[in-house]
Amino acid sequence: RDPGADHPVHPEAPARLVRAQGPGGGSMTPHILTRSLDRAAIAFVLIVAAVGVLIPLSNLLLPQGSMFQVPTYLVALWGKYVCYAILALSIDLIWGYCGILSLGHGAFFALGGYAMGMYLMRQIGSRGVYGNPILPDFMVFLNWDKLPWYWYGFDKFAFAALMVLLVPGLLAFCFGWLAFRSRVTGVYLSIITQAMTYALLLAFFRNDFGFGGNNGLTDFKDILGFNVQAEGTRAALFLLSCLALIVEFLICRAIVTSKLGKVLIAVRDAESRTRFLGYRVESYKLFVFTLSACMAGVAGALYVPQVGIINPSEFAPGNSIEAVIWVAVGGRGTLIGAALGAVVVNYAKTFFTSGPLAPYWLFMLGALFILVTLLLPKGIVGTINSWWETTKSRNGSPDADSAAREDGVGAPNPAE
């Protein structure tokens with residue numbers, strides 16, 4: 001008898017297949033993007049890419065009146081939806097995978113929008129109502145003598161693009177450094193994020209703050225020398241928005257399916273235990289919170305030239321709460337669900353607010369959130385994934401776990 005057989009503590013490991021090494025003696029670990037993409041992620045990327053190409057082509061190439069021709073106003077409307085999807089993606093990254101519920105992410109979205117709006121205002125030049133080549137119209141109206149120092153550089157697109165990332169990112173870094181080092185979590189963190197965006201709302205409403213006050217920034221003319229109202233420009237902005245959605249989705253997938261993503265999930269599910277294991281939880285939370293703010297800033301920058309205005313109402317706490325509802329409806333901790341929820345809820349908002357049900361939209365939105373919380377706690381995509389896994393398990397499939405679980409990405413606890 002083999003003395004090592006049936007060892008009470010260390011039983012013999014069962015035999016299993018060993019994957020062959022890749023050609024050329026290279027590493028068996030696939031590329032980070034290849035490893036982070038499952039079938040659903042690939043399908044999402046392909047669908048967004050197809051929409052980003054086909055809608056502009058339909059608008060530009062097909063004659064007006066054709067049943068397949070997409071009007072220009074719909075191109076701008078769907079471009080707004082795509083920007084909202086990017087914002088929802090940024091919220092899902094921190095809420096769905098790290099447990100940080102931010103009720104002030106609309107502030108980063110608005111700051112990115114104001115950075116782009118300042119560039120667009122500087123492009124107006126002498127074509128404004130008062131014909132001043134330096135000062136925007138609202139500054140001339142308010143009797144400003146010179147351009148404020150914080151407007152310098154916004155006549156250059158490269159500088160404005162840098163500020164789109166730097167301003168929201170710097171605010172998120174400073175806010176997160178103070179909050180996470182103080183170990184502020186849960187509902188307390190949500191409340192102070194809401195207070196942050198409300199404080200910015202009050203500040204940007206002031207006429208002497210230098211950002212247009214209540215009216216904000218509007219009456220844009222050009223972007224990079226192209227008429228912002230032209231059909232070709234709007235089609236290009238829609239395509240860029242879809243491209244930004246794909247890039248940010250790939251970044252999020254690469255993060256959540258990596259070792260960093262596993263630590264973020266551990267922080268979400270058991271922050272104290274993760275800290276006791278030796279991980280610097282504050283550093284992980286600060287990194288992902290800052291990255292999420294930069295993503296929201298990009299969404300705001302793409303939103304402004306397509307909508308044509310940016311004003312302090314974008315800082316309203318209600319907008320940030322509504323963005324959280326998008327993520328909850330689509331499915332927290334799924335990424336795809338966040339983007340889908342943003343599009344579905346905003347399409348419903350456009351549909352219902354244009355008819356006799358417009359006064360009751362907020363009641364319908366609240367009822368939708370309650371119903372999803374009670375009946376679909378995992379959201380639309382999360383419920384579909386759960387049903388699919390259960391079906392495969394009942395059929396005895398060896399691949400019963402989803403691709404997300406294979407990557408170490410688990411669904412968040414609905415009770416959180």
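These legends go with a set of close-up views of a predicted model.

**View 1. Helix H3 from end to end, with a kink along the way.**
Here we're looking at H3, which runs over residues 72–98 and holds 27 residues. From its first C-alpha to its last, the helix reaches 39 Å, close to the 39 Å expected at 1.5 Å a residue. There's still a kink of about 30° to look for, and it is centred on Asp92. Why call H3 largely enclosed by the rest of the structure? Because 23 of its 27 residues are buried. Once the helix is done, the chain carries on with Gly99, whose phi is positive, near 75°.

**View 2. Two buried cysteines, Cys83 and Cys98.**
How many disulfides does a search of the whole structure find? The count is 0. Cys83, for one, is in no disulfide: the nearest cysteine sulfur belongs to Cys242 and sits 9.1 Å away. A pair of cysteine sulfurs has to be within 2.5 Å to count as a disulfide, so at 9.1 Å Cys83 and Cys242 don't make one. Is Cys83 buried or exposed? It's buried, with a relative accessible area of 0%. Cys98 comes in at 3% relative accessibility, so it counts as buried too, the cut-off being under 20%.

**View 3. The second largest pocket and the helices around it.**
This pocket offers about 540 Å³ of space. It is lined by 24 residues, and the ones closest to its centre are Phe157, Leu240, Ala244, Val298 and Leu302. Which elements give two or more residues to the lining? They are helix H6 (157–181), helix H8 (231–256) and helix H11 (281–307). H8 gives the most, with 9 residues. As for chemistry, the lining divides into 22 nonpolar residues, 1 polar and 1 charged.

**View 4. Phe157, a pocket residue in helix H6.**
Now for one of the residues closest to the centre of the second largest pocket, Phe157. Its relative accessibility is 31%, so Phe157 counts as partly exposed, a class that lies between the 20% and 50% cut-offs. Find Leu120 as well: Phe157 and Leu120 are 37 residues apart in sequence, and their C-alphas are 9.0 Å apart in space.

**View 5. Glu248, a buried residue of helix H8.**
Stay with H8, the helix that gives the most residues to the lining of the second largest pocket, and pick out Glu248 on it. Is Glu248 buried or exposed? At 7% relative accessibility, Glu248 counts as buried. Which residue is 162 places away from Glu248 in sequence but 7.4 Å away in space? That's Ile86, with the distance taken C-alpha to C-alpha.

**View 6. The largest cavity and its lining.**
The structure holds 1 cavity of 30 Å³ or more. About 70 Å³ of space lies in the largest cavity. Its lining includes Met121, Arg122, Ile124 and Gly125, and it takes in Asn132, Pro136 and Asp137 as well. How do the lining residues divide by type? There are 5 nonpolar, 4 polar and 2 charged.

**View 7. Two leucines with positive phi, Leu224 and Leu335.**
Most residues other than glycine have a negative phi. Leu224 goes the other way, with phi near 55°. Where is Leu224 found? Look in the loop between strand E2 (222–223) and strand E3 (226–227). Leu335 also has a positive phi, near 65°. Leu335 lies in the loop between helix H12 (317–330) and helix H13 (336–352). With a relative accessible area of 0%, Leu335 is buried.

**View 8. Ile192 in helix H7, with Phe175 for reference.**
Last stop is Ile192, found in helix H7, which covers residues 186–204. Ile192 is partly exposed, with a relative accessible area of 31%. Ile192 and Phe175 are 17 residues apart in sequence, and 9.6 Å separates them C-alpha to C-alpha.

Key. Residues numbered from 1 in each chain as written. Predicted model: local features only at pLDDT ≥ 70, side-chain atom pairs only at ≥ 80, totals over all residues. Heavy atoms only, no water. Helix = DSSP H or I, 4+ residues; strand = E, 2+ residues; numbered from the N terminus. Expected span 1.5 Å × (residues − 1). Bend = angle between axes of the 7 residues up to and from the residue. Buried < 20%, exposed > 50% of the residue type's maximum accessible area, 1.4 Å probe, protein only. 1 Å grid on protein atoms, 1.4 Å probe; cavity = no way out; pocket = protein on both sides within 12 Å on 5 of 7 lines; lining within 4 Å. Points joined across faces, edges and corners; volume = space filled by probe spheres on them. Nonpolar A, V, L, I, M, F, W, Y, C, P; charged D, E, K, R; others polar.
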